[in-house]
Amino acid sequence: MVDLDQAKGLAILLVVFGHLVSRQDPAGVHWYEPLRIAIYLFHMPFFMYLSGYVTFWTMSGKSRRQSWLTGVSKRARRLLIPFFGFGLFTIVGKLAAVHVMHVDNVPPSGWAALDTLLIHTAESPALSVWYIGVLFVYVSATPLLLRLPPVRVPAFASRPAARFGLDVIPPIAWLLPIAAALYVIQAPAIVYLDRICRFYIFFVLGGLAASAGPRWWALIDRFRVAALVLLIGLVSLIGYGWVQFDWAAGASNHLPYKACMLAAGILSMVALHGLVRSNLFSRWNWLMLLGNMCFAIYLLNTICLGLAKGVLLKFLDWDAHDFPLIALVMMASGVLGPILIKVLLLRRVPILDRMTD
């Protein structure tokens, strides 16, 4: 679907922008951090919503007779090979590049880097690949959950349920309470458990939206403007500190922040998916190009951003005077660099081409 490709293009732009500043804020720059906080409130929930939408949309057209192990094997080749490949490439690249340029989040050693990549994942030097590993868990576990038998509606609820044609509760309906239960858990940042628990609800909501089909499209077309206004209002409250969170104490894993993220994530599904379906956005073919290159951009954007920053800091300062230019060049590098690498290099190597499609 064209609107899904355009939505992925919009989402990946937000991802790249959120990666411009990795650790130390530029001296004297006070506008980027509020924007980053605002974007982080909804950009990965929206990305996971799109992932769930595409996954369920794809599964609906596949034979249910395919064995679960066969499906997991295919998804492992599709996701785990890039996860380990680009994770290790990033680690090795940082350890080598630190001798010639500025590098953010350099691991103290190779073994420490492997530990944070796979186990104590909060400080991973290749943290950007977390999405691929988490997505592998989702696309492997969800088909198994969907094979659970349907549950008959209890007698006390049978009459109201019959009005909606629900004599039994299908397996897909049980995914939402499971995802909600995971969402409220304060899971540790070990083997990405915190992110697995935090984002599954958005993946499931994407799946439910795909299952709703035209009913969902009608809803987002009708309420996209109102949802956008509410989303801007909510992220402004958080981004500019009018609603305070103790970031040093790990607020992103606490229920008040999660409540705001859930609201922002749901609003972004209606607002952003609805907007790319509008007449204005539907003519933006460049968004569809970015959407088609989304996976390559996701895998390579932090590498291109790091290289661009390392070179730029040899001539410019990480401060308010030079940051606008640095941010502009880094943004172009993070978006266009992966596309050029994909077109000019990776497509010449079949295994790398398949890995980044």
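These exercises work through cysteines, aromatic rings and charges in a predicted model.

**Exercise 1.** Find how many disulfides there are, and explain the result for Cys-197 and Cys-260.

*Solution.*
- Take the cut-off: two cysteine sulfur atoms must lie within 2.5 Å.
- Check Cys-260: its closest cysteine sulfur, in Cys-197, is 19 Å away, too far for a bond.
- Count: zero disulfides. Cys-197 is in no disulfide.
- Add the surroundings: Cys-197 is buried, at 8% relative accessible area. Cys-260 is buried too, at 16%.

**Exercise 2.** Classify the pair Phe-56 and Phe-203, and state which helices it ties together.

*Solution.*
- Start from the search of the whole structure, which gives 26 aromatic pairs.
- Take the geometry of Phe-56 and Phe-203: centres 6.2 Å apart, planes at 65°.
- Apply the cut-off: planes over 60 degrees apart count as edge-to-face. The pair is therefore edge-to-face.
- Locate the rings: Phe-56 is in helix H3 (residues 43-60), Phe-203 in helix H9 (residues 193-212). The pair thus links parts 147 residues apart in sequence.
- Check burial: both residues, Phe-56 and Phe-203, are buried.

**Exercise 3.** Classify the pair Phe-199 and Phe-202, then place it in its cluster.

*Solution.*
- Read the geometry: the ring centres of Phe-199 and Phe-202 are 6.3 Å apart and the planes meet at 50°, so the pair is tilted.
- Place the pair: three residues apart in helix H9, Phe-199 and Phe-202 are separated by about one helical turn. Both are buried.
- Widen the view: ring pairs join Phe-199 and Phe-202 into a cluster with Phe-47, Trp-130, Tyr-131, Tyr-183 and Tyr-298.

**Exercise 4.** Identify which rings Lys-258 and Lys-309 lie over.

*Solution.*
- Lys-258 lies over the face of Tyr-183, 5.6 Å from the ring centre.
- Lys-309 has its charged end over the ring of Trp-318, 4.0 Å from the centre.

Notes. Residues numbered from 1 in each chain as written. Predicted model: local features only at pLDDT ≥ 70, side-chain atom pairs only at ≥ 80, totals over all residues. Heavy atoms only, no water. Buried < 20%, exposed > 50% of the residue type's maximum accessible area, 1.4 Å probe, protein only. Phe/Tyr/Trp six-rings, centres within 6.5 Å; stacked < 30°, edge-to-face > 60°. Helix = DSSP H or I, 4+ residues; strand = E, 2+ residues; numbered from the N terminus. Lys NZ or Arg CZ within 6 Å of the ring centre and 35° of its normal.
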